[in-house]
Amino acid sequence: MANTTTPSTARTRQPLPAVPELDTAIVGAGIGGCLLAARLARYRERAGEFHPGRVALFERAHRVGGRLWSVPMGDGPHAMGEGPHADLGAMRLHSGLRQVLDVVDEAGLTGDLVPFDFGRPENPTHVRGVTLRQRDLTDATRIPYHLAAGERGLGPGDLVLRAADALVPGFTALRRRHHEALERGDTERAARCATAFRTRRGRATVAGRPLRWTTYADALRAVLGAEAVALLHDTGGYDVAYSRENAAEQLGILFRTPPDAAYLTLRRGMQSLPLALRDRFTTAGGTLRLGHRLLRVDRAGSHHDRAPSATTPGAARPRYRLTFALEDPEGRATGAHAHVYAHTVVLALPQGPLLRLDGDGLPFTPRLRADLAAVEAVPAQKLFLLYRTAWWRGLGMTRGRATTDLPLRQLWYGGTCPPPGPARDDGPALLLAAYPSGPATKTWEAAREPGTDPTDPGRDLVGRTQRLLARMHGLPRLEDPLAVRLQDWGLPPHDGAWHVWRPGHDPDEIAPRVRRPLPGEAVYIVSDCWTPDPGSIEGAVACAETVLREHLGCGRPSSS
């Protein structure tokens with residue numbers, strides 16, 4: 001079975017120019033690092049608005065994008081960018097994510113935004129051995145769950161809002177007023193609604209404990225019946241019944257999501273965004289170095305700055321020494337090391353890579369270590385299968401998500417982004433066949449053969465997936481796929497697909513400390529992990545924007 005590969009990045013592997021030192025070293029070429037690099041390069045081009053020292057972007061992998069990773073599936077023209085793309089990581093936006101949509105526009109990709117199909121009424125939900133259509137989930141006579149009297153007739157979305165209103169009185173009304181105000185451009189009213197929500201959330205308790213100290217799973221069990229929680233868990237695709245995330249922060253994410261959000265994606269996959277930002281950076285003369293795994297950061301004395309555009313000409317600037325281990329495209333150490341000097345260091349890294357840096361270097365303190373541990377990584381896997389034809393069309397499905405309590409958990413017909421070319425009724429068709437996360441990943445981990453190619457699930461696992469798909473759809477068997485692609489975000493060098501806040505922690509307190517862990521030092525951390533929206537493109541973009549504005553003197557660029 002064929003696997004897919006990412007396009008060559010050979011053009012980015014040029015030697016680092018011989019400069020005495022960098023003005024800014026950005027480590028991590030995910031969406032946050034690429035945005036920082038592109039934005040700084042733009043300011044550098046505009047004389048007098050940024051220090052004229054060099055900017056370089058360093059990435060451990062031999063690709064750009066981090067947890068935005070899109071690969072074309074199949075051979076021939078499909079591998080040339082005109083066929084289906086598999087989003088191995090983040091795969092969608094919604095219309096309320098204004099900062100991200102501004103960056104999409106900045107990158108010149110607004111024309112590539114296309115609708116992202118989430119749930120559709122005709123799509124199936126297979127639970128407790130019964131296959132229903134999603135439109136049937138509000139029919140108490142058809143679902144195999146015995147809901148309490150006040151919960152009968154409520155679908156999963158209504159049950160979530162019922163729980164939210166029980167935990168934070170007035171949640172649903174405040175949320176709707178907040179987003180209506182944003183749509184009208186009434187930012188003052190929207191801010192008042194958001195403040196009222198935070199105040200009520202701060203007062204909320206579960207069994208006498210503050211909501212912030214409660215897991216989301218325990219909060220749901222406190223206000224919903226056991227069968228209602230099971231329904232949410234089984235039909236929602238995520239393991240909410242075992243969720244260890246902070247209930248207050250989960251409700252915050254729900255509050256910030258518009259009630260009638262329109263979901264979007266990019267035609268060639270979400271990795272298009274960091275790739276476009278990378279191209280803007282390198283075109284402006286920025287340097288990109290792949291295969292560089294950061295080991296440590298040390299202070300290396302000061303340097304006398306005579307640059308005319310510096311904030312304080314003639315002042316001593318901090319100077320840092322970065323030590324990298326070089327790795328080949330397979331992630332194997334080459335034995336070579338590189339040392340780079342910079343006046344500003346931005347670590348655009350998630351929790352795991354930060355914690356693996358040498359602990360006696362910068363920017364570690366006991367306070368920072370405690371703050372980094374305030375979030376927890378969530379494992380997830382995605383298995384894509386490319387078929388000769390879209391067999392699901394004969395069953396009445398075209399696009400969008402289906403869910404199940406089988407180990408598949410979630411699947412997307414047609415993949416998660418429409419092919420870039422014209423719509424076709426024939427030809428190869430992509431299925432996101434399994435998307436387990438959290439504890440559900442353990443079933444798949446146990447079935448994997450040790451030491452195999454991490455991108456190839458192996459014949460046995462594909463066969464098992466085929467049997468589960470056939471059972472869910474009432475089919476005797478399925479034809480073998482043309483190509484497969486597995487991504488396990490729990491395997492090295494990754495630690496998880498996204499992060500959640502642990503109970504007892506408040507991002508409003510922790511996020512500013514993480515962004516600049518050492519006052520007086522020009523070492524910053526940019527990551528979605530320690531934001532109110534961990535695991536999201538919005539979180540990474542918002543954190544990068546804050547560091548650019550508050551610490552690097554670069555606000556949002558003008559449209560000119």
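Which strands does helix α13 (residues 459-473) lie across? In this predicted model, helix α13 spans β7, β8, β17 (381-387), β18, β19 (410-413), β20 (429-434) and β21. The helix runs at about 80 degrees to β17. That arrangement makes a convenient starting point for a tour of the fold.

The protein as a whole contains 15 helices and 23 strands. Of its 560 residues, 55% are buried. Contacts also reach across the sequence: among those between residues at least 6 apart, 73% join residues at least 24 apart.

The strands beneath α13 belong to an open sheet of 7 strands, arranged in the order β8-β7-β18-β19-β20-β17-β21 with mixed pairing. At the edges sit β8 (130-133) and β21 (483-488), each of which pairs on one side only. On average, neighbouring strands of this sheet are turned by 20 degrees against each other, with direction ignored. As a reminder, strands of a sheet pair through backbone hydrogen bonds, either parallel or antiparallel.

Both senses of pairing can be followed here. Strand β7 (residues 124-127) and strand β18 (residues 400-404) run parallel and are joined by 2 bridges. Within this pair, T125 has T403 of β18 as its bridge partner. Helix α7 (residues 226-236) packs on the sheet at this place, touching β7 and β18, and its direction makes about 130 degrees with that of β18.

Strand β17 offers the antiparallel counterpart. It pairs with β21 in the antiparallel sense over 6 bridges, and 5 bridges join β17 to β20, again running antiparallel. L385 of β17 illustrates both pairings, standing opposite V484 in β21 and opposite L431 in β20. How many of the 7 residues of β17 are buried? The count is 7 of 7, and the strand is mostly covered. Side chains leave β17 in two directions: Q381, L383, L385 and Y387 point one way, while K382, F384 and L386 point the other way, and all are buried. The buried set thus includes the charged residue K382.

Away from the sheet, a helix pair deserves a look. Two packed helices are described by the angle between their axes and the distance between the axes. The axes of helix α4 (residues 171-184) and helix α8 (residues 247-256) come within 9 Å and cross at roughly 45 degrees, which makes α4 oblique to α8. On the α4 side the contact is made by F171, L174, R175, H178 and H179, and on the α8 side by L251, L254, F255 and R256. By character, the residues of this contact divide into 5 nonpolar, 2 polar and 2 charged.

Helix α2 (residues 98-106) also contributes to the buried part of the protein, with V100, L101, V103, V104 and E106 buried. G108 follows α2 and has a positive phi, near 80 degrees.

Finally, the cysteines were examined. A disulfide is a covalent bond between the sulfur atoms of two cysteines. How many disulfides does a search of the whole structure find? The search returns 0. For C529, the closest cysteine sulfur is that of C543, and the 9.4 Å between the two sulfur atoms is too far for a bond, given a cut-off of 2.5 Å. C529 is buried, with a relative accessible area of 0%. C554 likewise counts as buried, at 0% relative accessibility.

How values were computed: Residues are numbered from 1 along each chain as its sequence is written. This is a predicted model: local features need pLDDT of at least 70, side-chain atom pairs count only at pLDDT 80 or more; totals for chains, interfaces and linings use all residues. Side-chain values use heavy atoms; hydrogens and water are left out. Buried means under 20% relative accessible area, exposed over 50%, partly exposed in between (1.4 Å probe, protein chains only). Two strands pair if DSSP finds at least two bridges between them. Helices (H or I, at least four residues) and strands (E, at least two) are DSSP runs, numbered from the N terminus. Axes are lines fitted to C-alpha atoms, for helices over the stretch in contact, and angles run from 0 to 180 degrees between N-to-C directions. Contact means heavy atoms within 4.5 Å. Angles under 35 degrees count as roughly parallel, over 145 as roughly antiparallel, 65 to 115 as roughly perpendicular and the rest as oblique.
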